[in-house]
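Student: I have a two-part puzzle on my screen and would like to learn how to read it. Could you walk me through the features one at a time?

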Amino acid sequence: MRRVYFDNNATTAVDPQVFEAMKPFFLEDFGNASSIHAFGQRARAVLEEARRQVADLIGAQPQEIVFTSGGTESDNTALRGVATHLRERGNHIITSAIEHPAILRTCEQLEKEGFEVTYVPAAKNGLIKLDVLESAVKDQTILLSVMYVNNETGTVQPLARIAELARSRKIVFHTDAVQAVGKIPVDVKQLGVDLLSLSSHKLHGPKGIGALYVRRGVRFNPLLLGGPHERSRRAGTENVPGIIGLGKACELARQNLSDFDTRVRGLRDRLENTVLEKIPDSSVNGSRTERAPHVTNLSFRGTEGEALLISLDFQGIAVSTGSACSSGSLEPSHVLRALGIPSDLIHGSIRFSLSRMSTGEDVDYVLDVLPKTIARMREMSPLYRER
Amino acid sequence: MYSPTVRRLVAELPNSGRLSGVASSRVENPICGDVLELYVSVADGCIAEARFQATGCPAAIAAGAAITILSEGKSVEAARRITVEQLLEFLEGLPVHKRHGADMAVRALRQALEGGY
């Protein structure tokens, strides 16, 4: 049976070149980058080279890159680190209702610690309401955090416009760009962000490693305390193989960006357009224009996402659904709910997320299997029969 | 999250369909929107055929399929005595927040058999 992996927003396969680059740093060059002997100095040299590779992908300076354990730690560090550092200046934070749980749960915790948080809603197209954001700003606002590319719909937020507002009001601006880096061009200077989170395993690097871009001059309280690693911004012995992997993944992503925009976009569009044409009562969630090239979030009336996911999985196709959230509750996707999508369509939603490793044959196979699978599920659906 | 049995039942949908002119029932869960329909034909005091239709999560679908498999060939009295625990055992368990799927299926079978056949 053919296997198709269209769940690249969950994680991606490690690129074989990334794996090769990492290998020597387990058995041979295993030194601690803080050690002054040759083993340590070798690790330090390659680690700094990786820092440059990461910086190059996002238009930053190497010293503005702090290595972390991944997107969640980067988000936690940015929010908690800036909020607590600026507490004397104010206690108000603005974010959006469609952020990743790494942002939302951190904000909820900060609320318990005395901060006030405004959650800006999104319109049906997935773009956050800028007028609401603007009117939410007050003198006590110290931090603004808006994601670049939404993980569920792929919608791209107008960061440069938000950054302008943040700059004019002297508010620190963070973006969770975990689903953007390596997929669309990201230039921190052009975007005007102060902090940016990225994750290695979303761009064909290893899991357990990520980075936080911190614009020169921006101060924050470190999340982890200990040794003076990462210029005292993140304590803990550096994960050298992971960092090498992230660096190589960034270098490859940079080389492949234009191919990603054309070839992957072409595959996604063919998949989406053919599904909409062949499968009645199907629809796209979120904007079709302001969107990263590798994601489509589709709803199929009269189906249920988890059941559809299992059925597709039995036929070798891996996707994800907003039908039920990962916390194990009955609550469906907070993102699709925030977009005002009716609950039956949220329950019947499936996210296809492609990568540069996706092929035309993968799309052909999905287009062969999906219509039959949906027809079969609808045949046994009382609600679809009665629609 | 879901057992291999639940996953297989959802992928294969055994006994899905409708029967006409037989005892039937419809059970709904207003909280999550699941709908389960059950159709049972009875001959000589035994359940000859059972079919189900469902709109809902894997738990509801798998429980619907499982109740048809468990009840077919049983006497009406024995079918009425099928419990939620027996169904859960057959399914190799359900996530705690999805156990209502098994409740719905047991309720649907008892309702269908109450309605006359």
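Student: Let's start with chain B. Among contacts in chain B between residues at least 6 apart in sequence, what percentage join residues at least 24 apart?

Tutor: Before anything else, keep in mind that this is a predicted model. For chain B, 63% of the contacts between residues at least 6 apart in sequence join residues at least 24 apart. In chain A, the share of such contacts made by residues 24 or more positions apart is 73%.

Student: How many helices and strands does chain B have, and in what order do the elements run?

Tutor: Chain B has five helices and three strands. Reading from the N terminus, the order is α-β-β-β-α-α-α-α.

Student: And why would I call the dimensions of chain B those of a compact globule?

Tutor: The idea is to compare the radius of gyration with what a compact globule of that length would have. For 117 residues the expected value is near 13 Å, and chain B has 13 Å, so the two agree. The C-alpha trace of chain B spans about 40 × 25 × 25 Å along its principal axes, and 46% of its residues are buried.

Student: Can we zoom in on one residue there? Is B:Val6 buried or exposed?

Tutor: You count the C-beta atoms around it. B:Val6 has 26 C-beta neighbours inside 10 Å, and the cut-off for buried is 20 or more, so B:Val6 counts as buried. The residue is part of helix H1 of chain B, residues 4–12.

Student: Which residues is B:Val6 in contact with, leaving aside its neighbours within four places in sequence?

Tutor: Those are B:Pro58, B:Ala62, B:Leu91 and B:Leu94. Now for a pair that is separated in space: B:Val6 and B:Gly21 are 15 residues apart along the chain, and their C-alpha atoms are separated by 29 Å.

Student: On to chain A. How is it divided into domains?

Tutor: A domain need not be one continuous stretch, and here is a case. Domain 1 of chain A takes in 4–11 plus 256–385, and domain 2 covers 16–252. Their C-alpha centres lie 28 Å apart. Where they touch, domain 1 of chain A gives 23 residues and domain 2 of chain A gives 25.

Student: Which elements each supply at least two residues of the domain 1 side?

Tutor: In chain A, they are helix H10 (240–278), strand E10 (295–300) and helix H12 (334–338). By class, that side of domain 1 of chain A has nine nonpolar, eleven polar and three charged residues.

Student: What about the overall make-up of chain A?

Tutor: Chain A has 15 helices and twelve strands, and 53% of its 387 residues count as buried. The globule rule gives a radius of gyration near 21 Å for that length, and since chain A has 21 Å, the two agree. Its C-alpha atoms fill a box of roughly 70 × 55 × 35 Å along the principal axes.

Student: How do I read a pair of helices, say H3 and H10 of chain A?

Tutor: Look at the axes, then the handedness, then the residues that meet. The axes of H3(A), residues 38–58, and H10(A) come within 8 Å and cross at roughly 35°. The crossing is left-handed. Among the residues that meet are A:Ala43, A:Val46 and A:Leu47 in H3(A), and A:Val240, A:Ile243 and A:Ile244 in H10(A). By class, this contact has twelve nonpolar, two polar and four charged residues.

Student: Just past H3 sits a glutamate. Where does A:Glu64 lie?

Tutor: A:Glu64 is in the loop between H3 and strand E2 (65–68) of chain A. With 22 C-beta neighbours inside 10 Å, A:Glu64 counts as buried. Beyond four places in sequence, its contacts are A:Ala55, A:Tyr213, A:Val214, A:Arg215 and A:Arg216. As for A:Ala211, it is 147 residues from A:Glu64 in sequence but 9.9 Å away in space, C-alpha to C-alpha.

Student: Last one: how many residues does each chain bring to the contact between A and B?

Tutor: Chain A brings 20 residues and chain B brings 20. On the chain A side, helices H11 (305–314), H13 (343–347) and H15 (382–385) each supply at least two residues, and H11(A) gives the most, with five. That side of chain A has nine nonpolar, seven polar and four charged residues.

Key. Residues are numbered from 1 along each chain as its sequence is written. Chains are lettered from A and ligands numbered from 1 in the order in which they are written. This is a predicted model: local features need pLDDT of at least 70, side-chain atom pairs count only at pLDDT 80 or more; totals for chains, interfaces and linings use all residues. Domain bounds come from an automatic or database domain assignment. Two residues are in contact if their C-beta atoms, placed from the backbone, lie within 7 Å. Helices (H or I, at least four residues) and strands (E, at least two) are DSSP runs, numbered from the N terminus. Ala, Val, Leu, Ile, Met, Phe, Trp, Tyr, Cys and Pro count as nonpolar, Asp, Glu, Lys and Arg as charged, and the others, Gly among them, as polar. The radius of gyration is taken over C-alpha atoms; the globule rule is 2.2 Å times the number of residues to the power 0.38. A residue is buried if 20 or more other C-beta atoms lie within 10 Å of its own, exposed if 12 or fewer, and partly exposed in between; C-beta atoms are placed from the backbone. Axes are lines fitted to C-alpha atoms, for helices over the stretch in contact, and angles run from 0 to 180 degrees between N-to-C directions. A crossing is left-handed if the near helix is turned anticlockwise from the far one by less than a right angle, and right-handed if clockwise.
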